[in-house]
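Open the model in your viewer and keep the sequence panel beside it. Each stop below gives a selection, then what is there.

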Amino acid sequence: MMLSASDLGLEFGSDEIFANLNFNINQGDRIALVGVNGAGKTSLIRIISGGLEPTSGKIRKAGNLRIGYLPQQISEFPGGTLLKAVCDGSGDGATALSREEELHSILEREGTGSASVLAELARVQDQIHSTEAYNLESRAEAVLSGLGFSKQDFTKELEAFSGGWKMRAMLGAILLNNPDLILLDEPTNHLDLDARLWLEAFLKRFKGAAWIISHDPTFLDKVANKVVELEFGSMRVWGGNYTFYVKEKLVQAALLQKQARKVDDEREKLERFVRKFKATESKRFQVRSREKMLEKLDAVATYKSPKRMVIVPPDVPRSGTKVLQLTDVTKAYDNTVFAGVNLEILRGDRIGIVGRNGGGKSTLSRLFAGIEEPTSGKVTGGTGVEIGYYSQEVNLQLNKKHTVLQHVHSISPARSEKEIRSYLGRYLFTGDDVMKPVSVLSGGEISRLALAGILIKPTNFLILDEPTNHLDIFSRDVLQEALKNYRGTLVLISHDEKLLSALSEKLFVVSGHKVKAFAGNFTEYVEKLRTLADQQFTKPDTKTASEFHREAEKERKRKEAAERNLAYKERRKKEKRIERIEKLMEPHEVRRREIEELFSQAEVINNSHLLVELQKEHAYLTDELSALEEQWMEIAGED
């Protein structure tokens, strides 16, 4: 057990976010943390990381537990070149390497060295081994390459990169530190498909534990082996991946609805009796009995269904057969983005455009939309083409001084305010929301407003550049269904695997200054990328002679640390005691989860004898686990 949380609660002012959360984090857990917006997912991750204090309850961490935390927004990060910044920012490993050098200098000056220096050296070298810091730079290069950086990027100043690429560098530093527990809050927001598949392959092989918040269901399906749901201020754990959770959730929701109706019927029956006979003296005892029953009758908390957009695809006026043609097109700024591009888009095409970030996908979309002109060559639009364009930099498309209502009215001035308010309600802008200035909207609200503005007018050629970046899972599903029903021509730039799989029939790959059609469907393209990502983790060892020499020298110096072995043996004794307790706990935990699942089954609920027996067994298992956890915490806290 890496970490244990008991009775965690969090309040912001008078608002209770969650209460009485109890959970353990074990090696090998890959948790998808899910819940509606506002459920407290990010807050819980921050509490686990140590960056936020809970209002109540405790977090207990094992020994020297190392935690890597990637927030949604970038935090402070070392300066310098990309490679140096990532190595320096990797935390424990880089710090340990630096301290080892200092300790070796001390030993060389003192000759034999004091016991305290030798003891510290042993601890530092343990840390270097656990973080795999001896080959830090070569590992950093491999991680950065997987995340999409080129070798030329390694020597560039970190400040030269955009916020999204800085976030990738921060993720690289976290992975490089080889933490025991990784906490990732929306890690795929800044990753293209190649980098996302690399992260997926990394996490599937990661030997520690990971908690992940993400709006990408395909990513969660590939990496998660458990789902933790925050709802109604409490927590529930589901075995399996995200798809399994969704299916089981629907089953549970139906059961809860049935239980709630049963309780409501019983309450109505009891209240009717009380109202009818409250003034009847001869029924006084029966009335009091039913009032007591009412007091004990708890409401059943049913599934909290999130609000969803309602998107109706726009009208599609007929265009010519040829919608767009690019002839020998080159586009360059300071450097060439792509050259010699020849392609055509026909009426009814549904095209996915993929490739590395920075390769030119968005530039290509702006050429399609007529927002930019080619450096050379020709872009020819078809007859009767009406374009709807969604930019990846969607916030730059909107007038910050406008309100939500004014933005849509400026696009569709013929509609009345009542009509626009009704229309905006489909995109979850209701009541006073429509009077919010664009400048104060969240990322998700801006995305929904931009889509509302694009889809309110008739179009027959939709060009969407990363339309799901700030949308939650539910909104992504709604958008996907709407685009399925759209009858015009569609160009979609996205790293959303589920969206592209469902919608794209042709695929253009932007790579190496070229735009080429892929001979196959999107699923085949992803499998090709996934194979390449997997291969990066199965390459043979390619250490240089100098690296082997350095490791041999380090090994010689490690042997001089006489107290290291003693410290290691003591630690192993402690770990074995902990492992013995964890082995005792495991069957108890498994059986308790089985019982908890049985509690929701109708045949158990309706069998009072079986229910009582299971409750007794559950209480016994809980007591046994509490005692074992106390032993675990006592050992873990020993010096």
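Helices and strands here are DSSP runs, numbered from the N terminus; a helix has at least four residues, a strand at least two. With that in hand, select Ser214: this residue sits in the loop between strand 7 (209-213) and helix 8 (217-223). The model you are viewing is predicted.

**Stop 1: Ser214**

Is Ser214 buried or exposed? Its relative accessibility is 4%, and the cut-off for buried is under 20%, so Ser214 counts as buried. Now show its side chain. A polar atom there lies 3.0 Å from the backbone nitrogen of Asp216. Next, add the contacts, leaving out residues up to four places away in sequence: Ser214 touches Glu186, Thr188, Phe219, Leu220 and Ile473.

**Stop 2: the whole chain**

Zoom out. The chain holds 21 helices and 18 strands. Its C-alpha trace spans about 100 × 80 × 45 Å along the principal axes. Of its 639 residues, 45% count as buried. Consider the contacts with a separation of 6 or more: residues 24 or more positions apart account for 70% of them.

**Stop 3: the largest cavity**

How many cavities of 30 Å³ or more does a search of the whole structure find? The search finds 3. Go to the largest cavity, which holds about 50 Å³ of space. Select its lining: Asp192, Leu193, Asp194, Val354, Gly355, Lys361, Glu466, Ser494 and His495. Colour these residues by class. You get 2 nonpolar, 3 polar and 4 charged residues. Keep this selection; the next three stops each start from one or more of its members.

**Stop 4: helix 7**

Asp192, Leu193 and Asp194 are among the lining residues. Follow them into helix 7, residues 193-205. Start at the N-terminal end, which Asp192 caps. A side-chain oxygen of Asp192 lies 3.3 Å from the backbone nitrogen of Asp194.

Then check the length of the helix. With 13 residues at 1.5 Å a residue, helix 7 should span 18 Å. Its end C-alpha atoms are 19 Å apart, which agrees.

Why is helix 7 described as largely enclosed by the rest of the structure? Because 11 of its 13 residues are buried. Select the buried set: Leu193, Asp194, Ala195, Arg196, Leu197, Trp198, Leu199, Glu200, Ala201, Phe202 and Leu203. As you step along the helix, recall that an α-helix has 3.6 residues a turn, so residues three or four places apart point the same way.

**Stop 5: helix 11**

Return to the lining and pick Lys361. Helix 11 covers residues 361-369 and is mostly covered, with 8 of its 9 residues buried. The buried residues are Lys361, Ser362, Thr363, Leu364, Ser365, Leu367, Phe368 and Ala369. Step past the end of the helix to Gly370, which has a positive phi near 80°.

**Stop 6: Glu466 and Phe232**

Glu466 also lines the largest cavity. Look for this residue in the loop between strand 15 (461-465) and helix 15 (473-484). Check its backbone: phi is near 55°, a positive value in a residue other than glycine. Glu466 counts as buried, at 4% relative accessibility.

Now jump to Phe232, in the loop between strand 8 (226-231) and strand 9 (234-239). Phe232 is not a glycine, yet its phi is positive, about 55°. What is the relative accessible area of Phe232? The value is 45%, so Phe232 is partly exposed.

**Stop 7: three distances to draw**

Begin at Leu255 in helix 9 (residues 242-277). Draw a C-alpha to C-alpha line to Ala414: the two are 159 residues apart in sequence and 48 Å apart in space. Leu255 touches Ser600 and Gln601, not counting residues up to four places away in sequence.

Go on to Glu102 in helix 3 (residues 92-110). Glu102 counts as partly exposed, at 39% relative accessibility. Its C-alpha atom is separated by 29 Å from that of Lys574, 472 residues apart along the chain.

End at Asp623 in helix 21 (residues 608-636). Its relative accessible area is 54%, so Asp623 is exposed. Asp623 and Asn399 are 224 residues apart in sequence and 60 Å apart in space, C-alpha to C-alpha.

Conventions:
Residues numbered from 1 in each chain as written. Heavy atoms only, no water. 1 Å grid on protein atoms, 1.4 Å probe; cavity = no way out; pocket = protein on both sides within 12 Å on 5 of 7 lines; lining within 4 Å. Points joined across faces, edges and corners; volume = space filled by probe spheres on them. Nonpolar A, V, L, I, M, F, W, Y, C, P; charged D, E, K, R; others polar. Expected span 1.5 Å × (residues − 1). Buried < 20%, exposed > 50% of the residue type's maximum accessible area, 1.4 Å probe, protein only. Polar contact = N/O pair within 3.5 Å; in protein donor to acceptor, adjacent residues only side chain to side chain. Contact = heavy atoms within 4.5 Å.
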